[in-house]
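Hi,

Here is the structure I said I would pass on. Have a look at it first, and then read my notes underneath.

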Amino acid sequence: MDGKTRVYGLIGDPVEHSLSPLIHNSIAEMFKENFVYVPLPVKKENLGEAIKGAYAFHFGGMNVTVPHKQAVMEYLCDIDEVAAQIGAVNTLLWTKDGYKGFNTDIIGLEKSFISDGFDVTGEEIIMLGAGGASRAVGILLARKNAKCIYILNRTLETAENLKADILKFYPDARIEVLGLDEYGRIPGFYQKKFNVIQATSVGLSDATKAPIYDDDFYEHVNFGYDLIYNPLETLFMKKVREKGGKAVNGIHMLLSQAVASYEIWREGAVNE
Ligand code: NAP
């Protein structure tokens, strides 16, 4: 490090578990870039001050994680169009007017769908969850013309709100909302197999938990994509595999979103 080192970081609460510092510092080392990336734990009540401080210190950019991905938007000078559709930002870029917000989760998802062979175009997709990450998944599914998106969530109201938000931008999308235990109401469920995205936080750091336990459900999963990457095999993935389906975790999404953020910062630094 020297007087010209560019500083980047991850704001969230907690951030201690994150792999992002390891990923970004490794990329920088590989490309011999004068770049350092640090974890920055920030409590909800300090978010505005933290963004102002980072801008004043001329941090070149930041990643944003739980619980700030939506709240951070009010402190930005500009928001990329796709991030605005999703309603969440995970990457900030220093510009002369303030930080501009992007969402690279959707870029990471799209790339990993392709590399993992998870088909969505023209498919009936079941998505478990309707939280922040599900917003990126839902917008991507609509953009890629999924035939129908079944959003199954514990809280129906959150899922209905997500459905309404997706329809604002993609009015032709077909979206149905159900509870997590209502999969049997999906038309023809017991005659078909589905590609399923697990986007709830159930199973995070706990390989004994899954959002749905019934074997009945897993009999009808063709391909299960779990956004969680810790543990590397979740109970959801294990159950999919036990019933003969294919399953992957969210590690490729994580790596691809990190690379996409890095590229935004690199381009920003060149243009500054
Ligand atoms: P979030 O906004 O907190 O949403 C959590 C979701 O999980 C909601 O749908 C919530 O349902 C559901 N949920 C939580 N506890 C539940 C329970 N006990 N039973 C049933 N449903 C429950 O979180 P998020 O930001 O969307 O993140 C979701 C997961 O994606 C996390 O595990 C995160 O690690 C992972 N993720 C991975 C990547 C990657 O790069 N691979 C990127 C982003 C996120 P309610 O609406 O009913 O509360």
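Below is what turned up, starting with the domains and ending with a few backbone details.

First, a caveat: this is a predicted model, so please read everything here in that light.

The protein splits into domain 1 (6-103) and domain 2 (106-252). Their C-alpha centres sit 27 Å apart, and the contact is made by 6 residues from domain 1 and 10 residues from domain 2. Together the two domains bury about 830 Å², with 60% of that on carbon and sulfur atoms. On the domain 1 side, Gln85, Ile86 and Asn103 give up the most area to domain 2, and between them they make up 62% of what that side buries. If you were wondering how many salt bridges there are between domain 1 and domain 2, the count is 0.

You'll probably want the pocket next. The largest one holds about 1400 Å³ of space. It is lined by 43 residues, and the closest to its centre are Val66, Lys69, Ala133, Ser201 and Leu204. Three elements give two or more residues to that lining: β3 (61-64), α5 (132-143) and α9 (251-271). Both domains take part, as domain 1 (6-103) and domain 2 (106-252) each supply at least three lining residues. What is the lining made of, in terms of nonpolar, polar and charged residues? The split is 19 nonpolar, 21 polar and 3 charged.

On to charge pairs. Side chains of opposite charge can pair when their charged atoms come close. Counted that way, with a cut-off of 4 Å between a Lys or Arg side-chain nitrogen and an Asp or Glu carboxyl oxygen, the model has 17 salt bridges. One pair to look at is Glu49 with Lys52, whose closest N and O atoms are 3.9 Å apart. Both belong to helix α2 (residues 47-56), and because they are 3 residues apart there, about one helical turn separates them.

Finally, some backbone details to check before you set anything up:

- The Asp13 to Pro14 peptide bond is cis, with omega near 10°. Pro14 falls in the loop between β1 (6-12) and α1 (20-30).
- The Val66 to Pro67 peptide bond is cis, with omega near 5°. Pro67 is in the loop between β3 and β4 (78-79), and Val66 is one of the residues closest to the centre of the largest pocket.
- Asn145 has a phi near 55°, a positive value in a residue other than glycine. You'll find Asn145 in the loop between α5 and β8 (148-152).

Cheers

How values were computed:
Residues numbered from 1 in each chain as written. Predicted model: local features only at pLDDT ≥ 70, side-chain atom pairs only at ≥ 80, totals over all residues. Heavy atoms only, no water. 1 Å grid on protein atoms, 1.4 Å probe; cavity = no way out; pocket = protein on both sides within 12 Å on 5 of 7 lines; lining within 4 Å. Points joined across faces, edges and corners; volume = space filled by probe spheres on them. Helix = DSSP H or I, 4+ residues; strand = E, 2+ residues; numbered from the N terminus. Nonpolar A, V, L, I, M, F, W, Y, C, P; charged D, E, K, R; others polar. Domains from an automatic or database assignment. Contact = heavy atoms within 4.5 Å. Buried area = accessible area lost by both parts, 1.4 Å probe.
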